[in-house]
Amino acid sequence: MGDRNQVFSLIVFSSVLTDGFQNKTDSSKLHCVLNGNDVACSFAVGAGLPAFLSCLGFLALDAHEGRIASTRFKTAVQLLDFILAVLWAGVWFVGFCFLTNQWQHSSPKQFLLGSSSAKAAITFSFFSIFVWIFQAYLALQDLRSDAPVPYKRSLDEGGVVLTTLSPPSAASPINMPAAGPNSLSYTSSALSPYLTTPKVPRLAMMPDN
């Protein structure tokens, strides 16, 4: 979606820069084709160029997303993407209303050229509103899907601790008694000395001489 924002912003400011300033039929001085208001053309250029550059910046970040190991940095980039998308949607809404108003008050025979460029700037300003709104929606979905879950990490760590502290299973080689009469089993050696019944020494009868 960022490539569409980039293309729309490029069309807006490039069309105004190329044919947005024209001279009137009775003068050689350049004026903005949008009702002769230089602020309108300046707004189109001033909004389109930064939007184009911001799209290039996020495209560069997306290209190097696999090399970013920090989760906090990724979250910060996604949050910045969402905030900028909301701001640009508002800017293009204001810009569309402003440019349309100035074009409605423009005389069709006041300038020889530039009407097609003005219409292109107004049209793609309108399209940019919905494109940036959709971009904000996608950024919000990315934030929700990548949000860290605190209790999930604690459960995972608890599972690792329980697995580490759990006694070895019956199939472990430690519990397997070695063959032979002199070998001691793990079970007999693990019994507590207090739980085993001590053997009473037997008295041996001495033969009379």
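1. Let's start with L59, which counts as partly exposed because its relative accessibility is 34%. The buried class ends at 20% and the exposed class begins above 50%, so a value of 34% falls in between. Please keep in mind that this is a predicted model. L59 sits in helix 2, residues 38-63, and joins L49, L53 and L56 in a nonpolar surface patch of about 320 Å².

2. Staying with helix 2, a good number of its residues are hidden from solvent by the accessibility criterion. The buried ones are A40, C41, A44, V45, A47, G48, A51, F52, S54, C55 and F58. When you look at that list, it helps to recall that an α-helix has 3.6 residues a turn, so residues three or four places apart point the same way.

3. Is the length of helix 2 what one would expect, or not what one would expect? With 26 residues at 1.5 Å each, helix 2 should span 38 Å, and its end C-alpha atoms are 38 Å apart, so the two agree. At the N-terminal end of helix 2, N37 acts as a cap, with a side-chain oxygen 3.0 Å from the backbone nitrogen of V39.

4. Just ahead of that helix, have a look at N35, in the loop between strand 2 (30-32) and helix 2. Its phi is near 65 degrees, a positive value in a residue other than glycine. N35 counts as partly exposed because its relative accessibility is 32%.

5. What does the side chain of S106 reach at 2.5 Å? The partner is the backbone nitrogen of N35. S106 itself belongs to another loop, the one between helix 3 (71-104) and helix 4 (115-145). A polar atom of the S106 side chain also lies 2.8 Å from the backbone oxygen of Q102. Leaving aside residues up to four places away in sequence, S106 touches V33, L34 and N35. S106 counts as buried because its relative accessibility is 13%.

6. Q102 brings us to helix 3, where it is one of the buried residues. The others are V77, Q78, D81, A85, W88, A89, W92, G95 and L99. The 34 residues of helix 3 should span 50 Å at 1.5 Å a residue; the end C-alpha atoms are 49 Å apart, so the helix agrees with the expected span.

7. A85 is a handy place to see helix 3 meet a distant part of the sequence. This residue lies in helix 3 and counts as buried because its relative accessible area is 0%. Where is A136 relative to A85? The two are 51 residues apart in sequence, yet their C-alpha atoms are 5.0 Å apart in space. Setting aside residues up to four places away in sequence, A85 touches W132, Q135 and A136.

8. Finally, the chain as a whole. Its secondary structure comes to six helices and two strands, and they follow the pattern α-β-β-α-α-α-α-α along the sequence. Of the 209 residues, 25% count as buried. The accessible surface comes to about 14,800 Å², with 65% of it belonging to carbon and sulfur atoms. Among contacts between residues at least 6 apart in sequence, 75% join residues at least 24 apart.

Terms used:
Residues are numbered from 1 along each chain as its sequence is written. This is a predicted model: local features need pLDDT of at least 70, side-chain atom pairs count only at pLDDT 80 or more; totals for chains, interfaces and linings use all residues. Side-chain values use heavy atoms; hydrogens and water are left out. Helices (H or I, at least four residues) and strands (E, at least two) are DSSP runs, numbered from the N terminus. Buried means under 20% relative accessible area, exposed over 50%, partly exposed in between (1.4 Å probe, protein chains only). A polar contact is a pair of N or O atoms within 3.5 Å; within protein, one must be able to donate a hydrogen and the other to accept it, and residues adjacent in sequence count only if both atoms are side-chain atoms. Contact means heavy atoms within 4.5 Å. The expected span of a helix is 1.5 Å times one less than its number of residues. Patches are made of residues with over 30% relative accessible area and no salt bridge: like charges are joined within 9 Å, nonpolar side chains (Val, Leu, Ile, Met, Phe, Trp, Tyr) within 5 Å. Accessible areas come from the Shrake-Rupley method with a 1.4 Å probe; for residues, only the protein chains shown count as cover. A salt bridge is a side-chain nitrogen of Lys or Arg within 4 Å of a carboxyl oxygen of Asp or Glu.
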